[in-house]
Amino acid sequence: MWQTQPQFDLPEWIIPLIQEYAPKISGQYIAQLLLARDINSPQKLVGFLNSNYYQPGSPFEFGLEMERAIDRLVLARNRQEKVVIWGDFDADGITATAVLWDGLGQFFNPENQQLSYYIPNRLTESHGLNCHGIEELYQQGCQLIVTCDTGSTNLKEIEYAHQLGIDIIVTDHHTLLEERPPVIAIINPRYLSPEHPLYHLSGVAVAYKLIEAFYQTLPDIPQRPLEDLLDLVAIGLIADLVQLKGDCRYLAQLGIEKLQQQLKKPTRPGVAKLLELCKRTGDRPTDISFGLGPRINAVSRIYGDAKFCVELLTSRDQKRCQKLALETELANTRRKALQQDVTRDVMAKLRKIDLSTTQVIVLSDAQWPGGVLGLVAGQVAQNYGRPTILLTTEGTINLSAYQEEFSHHSDLKLARGSARSVNQIDLYELVKSQAHLLDRFGGHPFAAGLSLPVENIPIFTDAINREMREKLESNLEEIGQRRILVDLVCTVAELGGDLFQELKLLEPCGMGNPVPKLLIQNCWFTNTWNTKEKDLQGQKVEYIKTTFELWDESTSTGFPGVWWGHYQDELPEERCDIIVELDFNTFKKQYEIRLLELRSAETKTSISSIHLVDNLILDYRYQNLDDPGTEGVNSPLQTPLILKDCPTCWEELNAWFRRAYAQKQSLAIAYTLPQLLPPEKTWQDLIGIAKYLSRTHEPVTRQQLRSALHIGDIPLKVGFDALKCLGFKIEYRDYAFYISWQHSSDLNSSETLSPLIKRFLTMVQEEQFRRQYFYQVPISTLESMAIQLSRNETF
C-alpha cells in the first residue's frame, strides 16, 4: 500500500531559514519533508540542520547507574584489576567494543593486559553473555566485565559471574526485563522516557556516553580527544536499527564529519581501506548502511569469529589493517552469495504455504547458514508485509556444564535464528509471549534473535500466529500489505543534482527520519542490463543487480538507476509507477535512483474520471507575483504549485500538471517571456561566459547558466560539447561547473565543431519558438489540452 504524504502550507520563515544553510537550493521540496517530520519551528529547524546549535544530553543523565559505573571503573584502575570488554558481533556491537577499547585504553594499559575484549562467536555462541565465556575469563583472572550492546536480559549468566566473584557493568540499549539484573550498574536508555533525547541511543552510543563520563571525571589523563571516537559511533548508529532522533542524530552528524576525513588524513587505516574497497567517501550515511556496515557484519556471518574487526577499526598499523580489510571485503562478497541462496530457498518454501492464513512467517531448514538469516528475514518481512522468523536446525549446540545448571533444554537439539518486524509491529513483545517455548531470545521491537528446541518449532509457529491474529483483531488491523509512505511525487526531469542537494539536508537518515521515497508515475525503462558482483579475486558472486535508464514524458534523456537483487526480465515493458530513492554514485560520479517498488500504471484511475480541483490552472503570466493583486498565488487556501519557467513542450507542461494534481494543488502559470536574443548572440554569450570563468576560476551552477542565456538543459549540453571542441575543459564538482582553457590542437576540429554549433543554434531557435507559443496560448487551451492529454495517461 502506497500512501502519499499530505502537503503542508509553508510558513513564511521556513524557506529563508533553509536557504541560510543551503543558499543554492530552492527549499520547496525539503520544506515539505521537514514539516512532515515534525520540524515545525525555527528552533527545531536550526538544531536539525546544524549540529552546532544542538544541545546534547549529559552522560550523567543516566543518573545513579552512570555514577556507579564510573566509581567501579576508577576503583579497578586504582587497583590494577583485569577488566574485560564483552562485546557483540554485529556492526553496533563491534563498534561499541572498539569505542570502549580505544576509550578505556586511555585510562587502562592494554599493553600489560589489564584491559582486553571478548567477542562471542556468532555461529557457536550467539548473542549475549554465556557461562562458558565467563568461565574462560575467570580462569584468566578477570575481575570486572563491561558489556556493550548486550547483557540486559542475561540474568542467569550474570548470577553465574557473581558466584565467581566477577563484577559486571552493563551498557546496552535492548529491551529490558521487568527485573533489574544484579549488576554494579546498568546503563540502558530504555530506563529513560521515550521522549528523552537519549532514549534511542544504540549500543555504540551508550558506550560513548560511558567514555564521555570517564573523560569528565578524570579530564587530565586522556591523551587523545574524545571526539576521535565519533567516526566509530556514526558507523554503529547508522548500521543498527535505531531512530536517528535527538542525540542519535547529533552524534551521527558529528561522526560523519570525522569519517569523511579518513580518506584524506587517515587516523584509522582500517576504516580508510574499507571505504576505498567499497568505493565510498564516508561523507554520507549510505556509505555506512550500504558500505561499511554490511562489511563489518559479514565477518561474523561468514567466519563466526569477528574479533579481528575490533583490531581493524582501532589499529594504527597500516599494513595489518590492509590485510584485515581485504579479509572483510571477501567475507562480504561471500555473504552476498549465501544470502542469495537462502533467499531462493525461502521463496520456494513460501510458495508452498497459504499466506492468506499466515500472520507470522516462520520457516526452518537444516542447510541454512545462520549468519545470513537476519538479512533474508528482513527482505521477506518487507516484501510480504508480515513479521518473519527464519531458523536453522543445522548442528547441535553443545551446552557446557556451566550452562546446564541454568538451562532446562541442555540435552536437546536447538534451532537458532533471527526475526524481523514490519509495519510498526512490536516483534520483541510478540516473541516474548511465547518465551515458555524458547531456550533464549533477545532484541528490540524491530529485530530479535532466538533459539528453541527443534521439536517446539511447530507449536511455536501455531502459537505465535494465534497471538498475532488476536492482536490484529483487537486493533482492527490487516496483515500482508507492505506500507510505503511516499514523500514526494516528481518527474524524471526533476531528478538530479538540485533535488539531491535538497534531500541531502535530511541526512543522516535512518529510522524515524527515513530516506525520502519518491513516486514517479507513468514511466518506462530502457537499456536494462543484468550484472553480477565480483569478489576481489575476480570471481563472480551469485548476487545480481539490474541497471537501467528511466524515462517519462518530462524529459528527452533517460536517468540511470539500479535494482538490487532482481533480474532485468522482472522490469515490465509497459508503463508503470515506481518508488525510488535518489542517490549519488561516488564510483561512477553520477546521480542515480535505487528502485524499491513498482506497479502497473494501468491499475491507477484515469484523472479524467476523478473530480478535478477547482481552478485547475491559474493564469499569472502577465502579472508581477509581488503585486498585491495576485492574492491567489499567495493565498494559504489555494497554495498552488507555481510554474515560473516557461515550458518548451506539452510534455513538460503535462508533467507539471500531473505533479499539481498528485499534490491536490492548482497550477499557477506564472512565467514571463524570456529575452529572445538571436541564437548567434546566445552562442557568443556562452563563449564570453566561458572565457570569463576560465580567467576568474569561479564556479557557475546550471541554473545560473540557464538564467543568463535563457536556454534549457538540452541546448546547454550541446553548447558544452561545442565549447570542448573549442578547447575548453568543463568539470562538474561540488554541485557547480568549473570551466578552464586547455591548449589542444586535436580538439579544434572544424568537422566536429561546425555541426555542433549549427545544432546548438537550431535548438535555441526551436526553444524560443515554443516559449513564445506557451507565453501567448489562451488559458482555456492550456486547460483543455492538459485534460485531453490526461485521458490517455494513468496516475
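This passage describes two helix pairs, one sheet and a few single residues of the structure shown above.

The model is predicted, so local features are taken only at pLDDT of at least 70 and side-chain atom pairs only at pLDDT 80 or more, while totals for chains, interfaces and linings use all residues. Residues are numbered from 1 along each chain as its sequence is written, and side-chain values use heavy atoms, with hydrogens and water left out.

Helices and strands are DSSP runs numbered from the N terminus (H or I over at least four residues for a helix, E over at least two for a strand). Two packed helices are described by the angle between their axes and the distance between the axes. Here axes are lines fitted to C-alpha atoms, for helices over the stretch in contact, and angles run from 0 to 180 degrees between N-to-C directions.

A good place to start is α2 (residues 28-36) with α19 (residues 497-504), whose axes come within 8 Å and cross at roughly 30°. The two helices are therefore roughly parallel to each other; angles under 35 degrees count as roughly parallel, over 145 as roughly antiparallel, 65 to 115 as roughly perpendicular and the rest as oblique. The crossing of α2 past α19 is right-handed, the near helix being turned clockwise from the far one by less than a right angle, whereas an anticlockwise turn would make a crossing left-handed. On the α2 side, Q28, Y29, I30 and L33 meet L499, E502 and L503 of α19, where contact means heavy atoms within 4.5 Å. Five of these residues are nonpolar, one is polar and one is charged. Ala, Val, Leu, Ile, Met, Phe, Trp, Tyr, Cys and Pro count as nonpolar, Asp, Glu, Lys and Arg as charged, and the others, Gly among them, as polar. Helix α19 is mostly covered, with six of its eight residues buried; buried means under 20% relative accessible area, exposed over 50% and partly exposed in between (1.4 Å probe, protein chains only). Among the buried residues of α19 are L499, E502 and L503.

The second pair joins α13 (residues 307-314) to α14 (residues 318-350), with axes that come within 9 Å and cross at roughly 130°. These helices are therefore oblique to each other, and α13 passes α14 in a left-handed crossing. F308, E311 and L312 of α13 meet R320, C321, L324, A325, E327 and T328 of α14. This contact is made up of five nonpolar, one polar and three charged residues.

Next comes the sheet, an open one with mixed pairing, in which five strands follow the order β7-β8-β9-β11-β10. The edge strands are β7 (361-365) and β10 (440-444), each with a single partner strand, so one side of each has no neighbour in the sheet. From one strand to the next, the twist averages 15°. Strands β9 (residues 414-420) and β11 (residues 447-453) pair in the antiparallel sense over seven bridges, and at least two bridges found by DSSP are needed for strands to pair. Within β11, S451 stands opposite R416. Helix α14 packs on this sheet, touching β7 and β8 (388-392).

Finally, some loop residues deserve a look. P387, in the loop between α15 (373-384) and β8, counts as buried at 0% relative accessibility. Between α19 and β14 (518-534) lies P508, and the peptide bond from E507 to P508 is cis.
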